[in-house]
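Grab a coffee and work through a few exercises on the chain below. Try each task yourself before reading its solution.

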Amino acid sequence: MAKFLLIFLLLAILSLAGADGVLSPYYYLESCPLAEEIVRHTVEGALYQDPRIAAGLLRLHFHDCFVLGCDASVLLDDADGIVSEKNAVPNKNSLRGFEVIDFIKALLEEACPLTVSCADILAIAARDAVHLRGGPTWDVYLGRKDSLKAASISTTNQMIPAPNSSLEMLISNFKDHGLDIVDLVSLSGSHTIGRSRCVSFKDRIYGLPLNEEYDERRSIFFHILRSICPESGGDDKVVPLDSRTSRRFDNLYYINLLRGEGLLHSDNALASEEDAEESVLSLVWAYAEDQELFFQHYTESIIKMGNINVLTGIEGEVRHNCRFVNSYYH
Ligand code: HEM
Ligand SMILES: *[C@@H]1O[C@H](CO)[C@@H](O)[C@H](O)[C@H]1NC(C)=O
């Protein structure tokens, strides 16, 4: 009897800690019980100073997971043998929040040295950013290890979908990452917060003559965008991705799409009739009508995204400094 109990306890502990290759919400329960609280407090403090940091942190997790998997490769700086992904087209002059991650990592190295991975910090910070902006919350599955390398610039350019992608290209890019149409439409709802530089959508607002190709409402929207983003220059000026409630994580992004007021070509592609991918448009309608449904699908999809090609066990390492692999210091 005692023997059975012991085996049972052992199994329970093993499953709590997460077996190799499987993440678990309890991964740091013993090794760093305050980990999530430390991340949460730091994100909260950072948002207090700059609310847009929420968007920056969420996007970092996405750009991490879509390039080689959720392994913190996005955080590596240029160093011997490493060409930073930060210099790739979708990232350069665009990704934000690196200093917040550095700060969290420094606190965690004080509390529990070499224990909490940078990839896990990105996943927890993304969850907290969404929740603190009024979005849903969820249990983050943990136990990712950090990569020993970065992807090449060309791989990075290729893996992250471009803002001028057609619906077909978006669907196939997501499929390459093991994500389906529900994931594409719900995760695009991340654009309910944050901003885009003019350079990311300028083709669109200067591509076609106003009033001819667009209905009246859209032409007003384009006029406003043109007034902020000049035809030449001003590439780094920024415009909210959700023109109605850019600081709130809500479902107004989808309502904007149905009015033709998504900012990026890739946003509008989800709701444009020319593309007419029936199931995509019906999801946009469903989320526009039911925020709870959006939150529920979003939660499932971002957990799925957080599982892409994770390194576990003895694959990878826990970095001491998120910007460099540990061997850099030897
Ligand atoms: C569906 C394909 C997607 C495309 C083509 C895309 C593209 C873009 C572009 C071009 C920007 C503006 C960047 C700039 O001009 O500096 C942006 C911003 C943003 N993206 Fe996406 N994105 C996509 C999906 C996602 C996903 C899946 C997430 C999160 C899970 C996400 C989160 C964000 C956030 C939060 C911002 C605002 C960042 C800030 O204010 O600093 N995006 N995206
Ligand atoms: C998107 O823009 C890039 C850079 O301007 C261009 O090379 C590419 O052909 C465009 N793709 C589509 C689908 O329009």
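Below are six short exercises, each with a worked solution.

Some ground rules come first. This is a predicted model, in which local features need pLDDT of at least 70, side-chain atom pairs count only at pLDDT 80 or more, and totals for chains, interfaces and linings use all residues. Residues are numbered from 1 along each chain as its sequence is written, chains are lettered from A and ligands numbered from 1 in the order in which they are written, and side-chain values use heavy atoms, with hydrogens and water left out.

**Exercise 1. The overall build**

Task: Work out how many helices and strands the chain has, and how its radius of gyration compares with the globule rule.

Solution:
- Start with the secondary structure: the chain holds 14 helices and 2 strands. Helices here are DSSP runs (H or I, at least four residues), strands are too (E, at least two), and both are numbered from the N terminus.
- Next, the radius of gyration is 21 Å, close to the 20 Å that the globule rule gives for 330 residues, so the chain is as compact as a globular protein of that length. The radius is taken over C-alpha atoms, and the rule is 2.2 Å times the number of residues to the power 0.38.
- Along the principal axes, the C-alpha trace spans about 80 × 50 × 35 Å.
- Then look at burial: 49% of the 330 residues are buried. Buried means under 20% relative accessible area, exposed means over 50%, and partly exposed is in between (1.4 Å probe, protein chains only).
- Finally, of the contacts with a separation of 6 or more, 75% are between residues 24 or more positions apart. A contact means heavy atoms within 4.5 Å.

**Exercise 2. The annotated active site**

Task: Find the residue that UniProt lists under "active site" and decide whether it is buried or exposed.

Solution:
- The UniProt record, an unreviewed entry, lists His-63. UniProt positions follow the numbering used here, feature names are shortened, and annotations may be inferred rather than shown by experiment.
- His-63 is part of helix α3, residues 53–65.
- His-63 has a relative accessible area of 2%, so it counts as buried.
- Setting aside neighbours within four places in sequence, His-63 contacts Val-74, Pro-90, Asn-91, Leu-95 and Ile-160.

**Exercise 3. The annotated binding site**

Task: Do the same for the residue under "binding site" in UniProt, and say where it is found.

Solution:
- The unreviewed UniProt entry puts this feature at His-191.
- His-191 is in the loop between α8 (181–188) and β1 (195–197).
- With a relative accessible area of 24%, His-191 is partly exposed.
- Beyond four places in sequence, the contacts of His-191 are Leu-241, Asp-242, Tyr-253, Leu-264 and Asp-267.
- Now step back into helix α8, where Asp-183 lies. Asp-183 is buried, at 3% relative accessibility, and touches Phe-174, Ser-188, Ser-301 and Lys-304, not counting residues up to four places away.

**Exercise 4. Positive phi in one loop**

Task: Leu-68 and Ala-72 have positive phi values; which loop holds them, and is each buried or partly exposed?

Solution:
- Phi is near 70° for Leu-68 and near 65° for Ala-72; each is a positive value in a residue other than glycine.
- Leu-68 sits in the loop between α3 and α4 (98–111), and Ala-72 lies in the loop between α3 and α4 as well.
- Leu-68 is partly exposed at 32% relative accessibility, whereas Ala-72 is buried at 0%.

**Exercise 5. Far apart in sequence**

Task: How far apart in space are the C-alpha atoms of His-320 and Ser-117, and those of Ala-129 and Arg-52?

Solution:
- His-320 and Ser-117 are 203 residues apart in sequence, with 8.5 Å between their C-alpha atoms.
- His-320 belongs to the segment after α14 (291–305), and is partly exposed at 42%. Its contacts, leaving out residues up to four places away, are Lys-105, Glu-109, Leu-114 and Asn-326.
- Ala-129 and Arg-52 are 77 residues apart along the chain, and 9.6 Å separates their C-alpha atoms.
- Ala-129 is in helix α5, residues 118–132, and is buried at 0%.
- Not counting residues up to four places away, Ala-129 touches Val-43, Ala-54 and Leu-57.

**Exercise 6. An exposed helix residue**

Task: Is Gln-49 buried or exposed?

Solution:
- Place Gln-49 first: helix α2, residues 35–49.
- At 72% relative accessibility, Gln-49 is exposed.
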